[in-house]
Amino acid sequence: MKIYVTFCGEEQASFIVLLDAAETVAGLRRRIGGDYRSVFPARPPLCFFRMSTAEGFFLTDSAALREVLEEGDTVTCHRADEEATDMWVPGVAKPEGVEDILVTFRAQVAYVA
């Protein structure tokens, strides 16, 4: 199955991947990440939250490609660094982020105990 890959906000970063139609969307995501590094080695590593079809439908990782895409369809990858400009960056802890993590952790421990 031939899939055209584009990136939201990046006109110069398009390529084609070939995958078996039985492969899952998660497999397509991994393939896109690997091919992106090969095609654009000088660019920062690819990290994207979601993929959508040309019609704007977001794809879930467990779906088989043949169920959600057709030969020659285009998927658009929405980059995490474009969507999450004010998100936490590894190595730079925000106090409120740490507190949120601790609250969640404490709630999980209390549930288990």
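A residue counts as buried when its relative accessible area is under 20%, and the exercises below apply this cut-off to a predicted model.

**Exercise 1. Describe the overall make-up of the protein, from its helices and strands to its share of buried residues.**

Begin with the count of elements: the protein has four helices and four strands. Next, place them in order along the sequence, where they follow the pattern β-β-α-β-α-β-α-α. Finally, consider burial, for which the figure is 31% of the 113 residues.

**Exercise 2. Decide whether Phe7 is buried or exposed, and work out how the ring of Phe7 is arranged against those of Phe15 and Tyr36.**

Step one concerns burial: the relative accessibility of Phe7 is 3%, so this residue counts as buried.

Step two takes up the ring pairs, of which the structure holds four. In one of them, the ring centres of Phe7 and Phe15 are 5.9 Å apart and the planes stand at 45 degrees, so this pair is tilted. Phe15, like Phe7, is buried.

Step three turns to Tyr36, whose ring centre is 5.2 Å from that of Phe7, with the planes at 65 degrees; because planes over 60 degrees apart count as edge-to-face, this pair falls in that class. The contact joins distant parts of the chain, since Phe7 belongs to strand β1 (residues 2–7) and Tyr36 to helix α1 (residues 25–39), 29 residues apart. Tyr36 has a relative accessibility of 2% and therefore also counts as buried.

Step four widens the view: Phe7, Phe15, Tyr36 and Phe40 are linked by ring pairs into a cluster. At Phe40 there is a further neighbour, Arg43, which lies over the face of the ring at 4.5 Å from its centre.

**Exercise 3. Find which residues of the largest nonpolar core touch the most other members, and which element gives the most to this core.**

The largest nonpolar core has 22 residues, and those touching the most other members are Val5, Phe7, Phe15, Leu28, Ile32, Met51 and Val75. The elements that contribute two or more residues are β1, β2, α1, β3 (48–53) and β4 (74–79). Among these, α1 gives the most, with four residues. As background, nonpolar side chains tend to be buried together in soluble globular proteins.

**Exercise 4. Locate the two salt bridges and say which parts of the chain each one joins.**

The structure holds two salt bridges. In one, Asp61 pairs with Arg29, and their closest N and O atoms are 3.1 Å apart. This bridge spans distant parts of the chain, with Asp61 in the loop between β3 and α2 (65–68) and Arg29 in helix α1, 32 residues apart. Asp61 has 35% relative accessibility, so this residue counts as partly exposed.

In the other, the side chains of Asp35 and Arg31 meet at 3.2 Å, N to O. Both residues lie in helix α1, four residues apart, which is about one turn of the helix. Arg31 is partly exposed, with a relative accessible area of 33%.

**Exercise 5. Contrast the surroundings of Ile16 and Cys77 by asking which of them is buried and which is partly exposed.**

Ile16 lies in strand β2 (residues 10–18) and is partly exposed, its relative accessible area being 43%. Together with Tyr4 and Leu18, Ile16 makes a nonpolar surface patch of about 280 Å².

Cys77, by contrast, is placed in strand β4 and has a relative accessible area of 0%, so Cys77 is buried. The C-alpha atoms of Cys77 and Cys8 are separated by 6.1 Å, although the two residues are 69 residues apart along the chain.

Conventions:
Residues are numbered from 1 along each chain as its sequence is written. This is a predicted model: local features need pLDDT of at least 70, side-chain atom pairs count only at pLDDT 80 or more; totals for chains, interfaces and linings use all residues. Side-chain values use heavy atoms; hydrogens and water are left out. Rings of Phe, Tyr and Trp (its six-membered ring) pair if their centres lie within 6.5 Å; planes under 30 degrees apart count as stacked, over 60 as edge-to-face and the rest as tilted. Buried means under 20% relative accessible area, exposed over 50%, partly exposed in between (1.4 Å probe, protein chains only). A charge sits over a ring if NZ of Lys or CZ of Arg is within 6 Å of the ring centre and within 35 degrees of the ring normal. Patches are made of residues with over 30% relative accessible area and no salt bridge: like charges are joined within 9 Å, nonpolar side chains (Val, Leu, Ile, Met, Phe, Trp, Tyr) within 5 Å. Accessible areas come from the Shrake-Rupley method with a 1.4 Å probe; for residues, only the protein chains shown count as cover. A salt bridge is a side-chain nitrogen of Lys or Arg within 4 Å of a carboxyl oxygen of Asp or Glu. A nonpolar core is a set of buried Ala, Val, Leu, Ile, Met, Phe, Trp, Tyr and Cys residues joined through side-chain atoms within 4.5 Å.
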